[in-house]
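Trainee: I should like to learn how to read a structural model of a protein chain. Could we take one feature at a time?

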Amino acid sequence: QVSANQKNKLNDPGGGSFRDDDDINDVASMAGVNLNEESARIMATNSDLVGTQIQSCKDEPFLAAIPLHKRILETAKKLGITDVPAEVVTFISHATQNRLRTVIEKVTVITQHRMESYKDDEWYEQATDVRSQLKFFEQLERLEKQRKDEQEREILLKAAKSRSRQEDPEQARLKQKAKEMQQQELAQMRQRDANLTALAAIGPRKKRKLDAPGLLTIGGEGVGLCGGSQAGLGTASPRQYPRQKITRVNLRDFIFYMEQERDMSHSLLLYRALLK
C-alpha cells in the first residue's frame, strides 16, 4: 500500500498536495494533536490583533526642509543639476542626524576618559605632581613680590622722612608716592574697621539648617515629597533621588576627536580650532 501511494505521488502532475495533507493529518492524529483545535486556539490568542490597522510613525526630518532644500539647490546648480527631489532632502537630513549622533557619542567617550581619576587605583603610582609644583612656584612668586613691595615701601618711607631743603625732582616724586601709599593704607584700615563694626552689630551668624532629604526646594519654599497615601504636611520621605551626571565637553575634546579622525585630521576646521 505504501509503494502504491508513492507511485501515485510520482504519477500525479500536481505533486499530490492533497495526499501530503492527508499524510500530515495522519501523523498529527497519531501524535494526539488536533490541528483544528490548535488553529482555533491561535486565532483566539491573536484575536485582539485581528481587524486592527497598524501604521508606522511619521518620518520627521531632523533639519528644516525648506532652508535645506534651498541650500542643496544652490550647490546643485553649480554642478549643472536643476531639480532635486524631496527624498534627497530627507535622506541628507537623516544622514546629518546620524553623523551628529556618532560625533557626540565619540566625543562623550573621550570626555569620560579625560575625567577618569587614577589616584585611588592600586595599579597606578604617581610619578609627578604638576599641580603641586605650580603651587610652589606661585608661592615663590608671591613671596618675591611681597619682598619687593616691602623694599619699595621702606624706600618711600625714608623719602617721606627726609628733611633735606634742596630736593631734586626724583625726591619730590618719591615723597608724593609715599603720601599716596599712606593714604591708601589708611583707607584700607578704615574699611576694615567699618566691616568689623558692622559684623559686631549684626551679631553671630546662625548656621543655616540643612534641608531634609525628602524636601524639594522650589522658589525658596520647601515642598514635602510624601508617599501616595500621605498628603499635606506629612512626614518627608527619606528617599533621595540621584543627581543626573552631566558630561561637559570642551574644545580640547573636539580637537582630540578631529585629530583621530582620518577625514578631519588635515582639515581646515581642525586648524581653525587649534588657532582659537
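The dialogue below moves from the whole chain to one helix, its packing and one residue.

Mentor: Please keep in mind throughout that this is a predicted model.

Trainee: Where should one begin, and how many helices and strands does the chain have?

Mentor: One begins with the inventory of elements and then their order. Here the secondary structure amounts to nine helices and two strands. Read from the N terminus, the order is α-α-α-α-α-α-α-β-β-α-α.

Trainee: What share of the residues is buried?

Mentor: A residue counts as buried when its relative accessible area is under 20%. By that criterion, 11% of the 276 residues of the chain are buried. The chain exposes about 25,400 Å², of which carbon and sulfur atoms supply 55%. One may also ask how contacts are spread along the sequence. Among contacts between residues at least 6 apart in sequence, 44% join residues at least 24 apart.

Trainee: How does one examine a single helix, and what span does helix α7 reach?

Mentor: One sets its span beside the expected value. Helix α7 covers residues 169-202, which is 34 residues. From its first C-alpha to its last it reaches 50 Å, close to the 50 Å expected at 1.5 Å a residue. Just after α7, Gly203 adopts a positive phi of about 95°.

Trainee: Which residues of α7 are buried?

Mentor: The general idea comes first: an α-helix has 3.6 residues a turn, so residues three or four places apart point the same way. In α7 the buried residues are Gln171, Leu174, Lys175, Ala178 and Met181. Their cover includes α6, residues 130-161.

Trainee: At what angle do α6 and α7 pack?

Mentor: One reads the angle together with the distance between the axes. For α6 and α7 the angle is about 115°, and the axes are 8 Å apart. Angles of 65 to 115 degrees count as roughly perpendicular, and α6 and α7 are therefore described as roughly perpendicular to each other. The crossing of α6 past α7 is left-handed. On the α6 side, the residues making the contact include Glu152, Arg153, Leu156 and Leu157. On the α7 side, they include Gln171, Leu174, Lys175, Ala178 and Met181.

Trainee: Finally, how does one read a single position: is Thr111 buried or exposed?

Mentor: One takes its accessible area, then its contacts. Thr111 lies in helix α5, residues 86-115. Thr111 is buried, at a relative accessible area of 0%. Apart from neighbours within four places in sequence, Thr111 is in contact with Thr247, Arg248, Val249 and Asp253.

Notes:
Residues are numbered from 1 along each chain as its sequence is written. This is a predicted model: local features need pLDDT of at least 70, side-chain atom pairs count only at pLDDT 80 or more; totals for chains, interfaces and linings use all residues. Side-chain values use heavy atoms; hydrogens and water are left out. Helices (H or I, at least four residues) and strands (E, at least two) are DSSP runs, numbered from the N terminus. Buried means under 20% relative accessible area, exposed over 50%, partly exposed in between (1.4 Å probe, protein chains only). Contact means heavy atoms within 4.5 Å. Accessible areas come from the Shrake-Rupley method with a 1.4 Å probe; for residues, only the protein chains shown count as cover. The expected span of a helix is 1.5 Å times one less than its number of residues. Axes are lines fitted to C-alpha atoms, for helices over the stretch in contact, and angles run from 0 to 180 degrees between N-to-C directions. Angles under 35 degrees count as roughly parallel, over 145 as roughly antiparallel, 65 to 115 as roughly perpendicular and the rest as oblique. A crossing is left-handed if the near helix is turned anticlockwise from the far one by less than a right angle, and right-handed if clockwise.
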